[in-house]
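User: I am in my first year and still learning how to read a protein model. Could you take one part of this structure and go through it slowly with me?

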Amino acid sequence: MPDLIAAWSPEQKNAFGKTPITFQHKLPESRLFEDEALARVLDAYPAELYDINLFDFDADGQHTMRTGARGRRSGREVLEGVKEGRIWVQLRRAESWYPKLGPLIEEAFAGISGQAKGFRPIQLNGQLILSAPGAKVPFHADAPGVVLFHLRGRKRIWIYPPDETHMPQKGMENILLKQQTEDLPYRREMDAAAQVFDLEPGLAAAWPLHAPHRIENLGTFNVSLSVDYQTWESRLINGAHYANGVFRRWGLPVAAMGKTPALARAALWAASLGLKRARLVEDRIKGFERSFELGMDAPPETRLRAET
Ligand SMILES: [Fe+2]
């Protein structure tokens, strides 16, 4: 597809990776995200890469999450369920398991690398996300870099600075050591520091590594493609956080990542490879259970129409 990513202004080129930006893309023109195509993909998708989530929020914006399985529902029924409820379906590894999408992701990132100076991703992982009109994604940070391509509906994203107030270094160490999910402590007053964007189909958002963010759908069914990327720089930083997290548990002093020179980061990353192999810290996330199945026994907001 020619010019999948629109030409960037000098400001966008300078800002990529340093401050949040949005930019235009043409992924919706591929027609890979229309109902027919999505229903077919949902039917064929491997169960272990298919997540169905439900978030409950209280008045202070605090949330609880339940994870479910699709049961025996067809792709079309799941799609109808998302359009009616508060659930959120995530198809992981979409670059491999939605075969027509893989080459488009490659092409989109070639379009970004051609414009963002020095940006050389070494790994890309796509998550195709279908979410209900009232769905929200709580305040969290992702360990890899992320570009969010918006495809259908409207959503609002709040992006916060990746500083100690919003993204404590210890929190990222715990995320990398799999001691906590990617959710972080959130307080309403943090919104004052956020940059806020309304995403329409054909708009993408990108932000600095580890910048926390949260999302609210604006009353419409939404489809987005979230692509995680690793560069050598992000791999070294995340390896360094991993090693620091282990050292912190051993009571050793840990320096602020912003004040850790590149060579020291590389040494910490090298240490992390051995530490990971030694499995010194137990993964507390892998036992995460699926607590409901889509269907009539499920929570009412996840129920699918009985007549379909
Ligand atoms: Fe995220």
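What span should the 18 residues of α7 have at 1.5 Å a residue, and how far apart are its end C-alpha atoms? Please go on from there to what surrounds this helix.

Analyst: Before the helix itself, please keep in mind that this is a predicted model, and that its chain of 308 residues, of which 38% count as buried, is made up of eight helices and 13 strands.

At 1.5 Å a residue, the 18 residues of α7 should span 26 Å, and because the end C-alpha atoms of α7 are 26 Å apart, the expected span and the model agree. The helix covers residues 232–249, and just after α7 comes G251, which takes a positive phi of about 80°.

The next point is which residues of α7 are buried. The buried residues are S234, I237, N238, G239, A240, H241, Y242, A243, N244, G245 and V246. To judge this list, it helps to know that an α-helix has 3.6 residues a turn, so residues three or four places apart point the same way. The buried residues of α7 include a run from I237 to V246, and their packing partners are β7 (145–152), α6 (169–176), β12 (222–230) and α8.

Of these partners, α8 deserves a closer look. Two packed helices are described by the angle between their axes and the distance between the axes. Here the axis of α7 and the axis of α8, which covers residues 262–278, come within 7 Å and cross at roughly 65°, and the crossing of α7 past α8 is left-handed. On the α7 side, the contact is made by R235, L236, I237, G239, A240, Y242, A243, N244 and V246, and on the α8 side by R265, A266, L268, W269, A271, S272, L275 and K276. Sorted by type, the residues of this contact come to eleven nonpolar, three polar and three charged. Several names occur both among the buried residues of α7 and in its contact with α8, including I237, A240 and Y242.

For a contrast with a helix, you can turn to a sheet in the same chain. Four strands form an open sheet in the order β6-β11-β8-β9, and their pairing is antiparallel. Its edge strands, β6 (136–140) and β9 (195–199), each pair on one side only, and from one strand to the next the twist averages 15°.

Strand β8, residues 155–159, is joined to β9 by five bridges, and it also pairs with β11, residues 213–217, over five bridges in the antiparallel sense. I157 shows both pairings, with F197 as its bridge partner in β9 and I215 as its bridge partner in β11. The neighbouring W158 stands opposite V196 in β9. The two faces of β8 can be told apart as well, since K155, I157 and I159 lie on a covered face, whereas R156 and W158 lie on an uncovered one.

Finally, to place these parts within the whole chain, consider the contacts between residues with a separation of 6 or more: 84% of them join residues 24 or more positions apart. A pair that is distant in sequence can be seen with A6, in the segment before α1 (10–15), because A6 and I112 are 106 residues apart in sequence and 9.2 Å apart in space, C-alpha to C-alpha. A6 itself counts as partly exposed because 15 other C-beta atoms lie within 10 Å.

Conventions: Residues numbered from 1 in each chain as written. Predicted model: local features only at pLDDT ≥ 70, side-chain atom pairs only at ≥ 80, totals over all residues. Buried ≥ 20, exposed ≤ 12 C-beta atoms within 10 Å, placed from the backbone. Contact = placed C-beta atoms within 7 Å. Axes fitted to C-alpha atoms, helices over the stretch in contact; angles between N-to-C directions. Left-handed = near helix turned anticlockwise from the far one by under 90°. Nonpolar A, V, L, I, M, F, W, Y, C, P; charged D, E, K, R; others polar. Pairing = 2+ DSSP bridges. Expected span 1.5 Å × (residues − 1).
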